[in-house]
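Got the viewer open? Let's take a walk through the model, one selection at a time.

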Amino acid sequence: MYVFDAAPLIYLAKADRHSSVDELPPACVTPELVYEEVVTAGLAEGYPDARRIERAVEDGVLDVAPVEVTATLERLRRNENLGDADAVVLALASERDGTAVVDERYGRMVADAEGIETRGTASVILRLLREGAIDAEEVRATIDGMIDAGRYFAPALYAKILRKIEELG
């Protein structure tokens, strides 16, 4: 199961490629708090990507999951450098033995310390290519669409992603 944080959802939606996650075998979920921040608040602000994410939920591509208060969540919330949304994503991934889809370095470091598996958005998209769900051209278009929408990839990471697309495509 993939547990999506806000940034991966937003940039996939901005690139208009969020529905590609429907091709992944495990369930894709986001915590209620992330949904409220991204969709509810986003719709109120008039962001088109918020509507795309809402449609993904309506279409069953993405589920919205409640997060119970657990010892893991309580511990994560005590970390002043970790936002509430990040804490619930990591806690939900931990409790459901899932993989947190998180792009922020600090969140990934906390997840590593907690023993929670993480993947970045690019890794999820490359998995779709590896499994034949999408082709190399669509992966490249998705990555470039995310960049056009403001997502930053360090040049070395972008080059690595391009090499991986070539290798898998």
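A quick word on vocabulary before you click: strands here are DSSP runs of at least two residues, numbered from the N terminus. Also keep in mind that this is a predicted model.

**Stop one: the sheet.** Switch to cartoon and colour the strands. Five of them make an open sheet, in the order S3-S2-S1-S4-S5, with parallel pairing. At the edges you'll find S3 (63-65) and S5, each of which pairs on one side only. Strands of a sheet pair through backbone hydrogen bonds, either parallel or antiparallel. Now zoom in on S2 (residues 28-31) and S3: three bridges join these two parallel strands. Select proline 31 and look across to S3, where alanine 65 stands opposite.

**Stop two: threonine 99.** Select threonine 99 in strand S4, which spans residues 99-101. Is threonine 99 buried or exposed? Its relative accessible area is 9%, and buried means under 20%, so threonine 99 counts as buried. Which residues is threonine 99 in contact with, once you leave aside its neighbours within four places in sequence? Show Met1, Tyr2, Val3, Ala93, Glu117, Thr118 and Arg119 as sticks, and you have the set.

**Stop three: an aromatic pair.** You already have tyrosine 2 on screen as one of those contacts, so add phenylalanine 4. Their rings form an edge-to-face pair, 6.4 Å centre to centre with 65° between the planes. Both tyrosine 2 and phenylalanine 4 are buried.

**Stop four: helix H6.** Next, select residues 105-114, which make up H6, and pick out Gly107, Val110 and Ala111: these three are buried. Why do they sit on the same side of H6? Because they cover an arc of only 100° around the axis. The general rule helps here: an α-helix has 3.6 residues a turn, so residues three or four places apart point the same way. Spin the view round to the face turned away from the buried side, and you'll meet the exposed residues Arg105, Asp112 and Ala113. Then turn back to see what covers the buried residues of H6: the cover includes helix H4 (71-77), helix H5 (84-95) and strand S5 (118-119). Before leaving, click glycine 115, which follows H6 and has a positive phi, near 75°.

**Last stop: a charge over a ring.** Select arginine 151 and phenylalanine 153. The charged end of arginine 151 sits over the ring of phenylalanine 153, 4.3 Å from the ring's centre.

How values were computed:
Residues numbered from 1 in each chain as written. Predicted model: local features only at pLDDT ≥ 70, side-chain atom pairs only at ≥ 80, totals over all residues. Heavy atoms only, no water. Helix = DSSP H or I, 4+ residues; strand = E, 2+ residues; numbered from the N terminus. Buried < 20%, exposed > 50% of the residue type's maximum accessible area, 1.4 Å probe, protein only. Contact = heavy atoms within 4.5 Å. Arc of directions from axis to C-beta. Pairing = 2+ DSSP bridges. Phe/Tyr/Trp six-rings, centres within 6.5 Å; stacked < 30°, edge-to-face > 60°. Lys NZ or Arg CZ within 6 Å of the ring centre and 35° of its normal.
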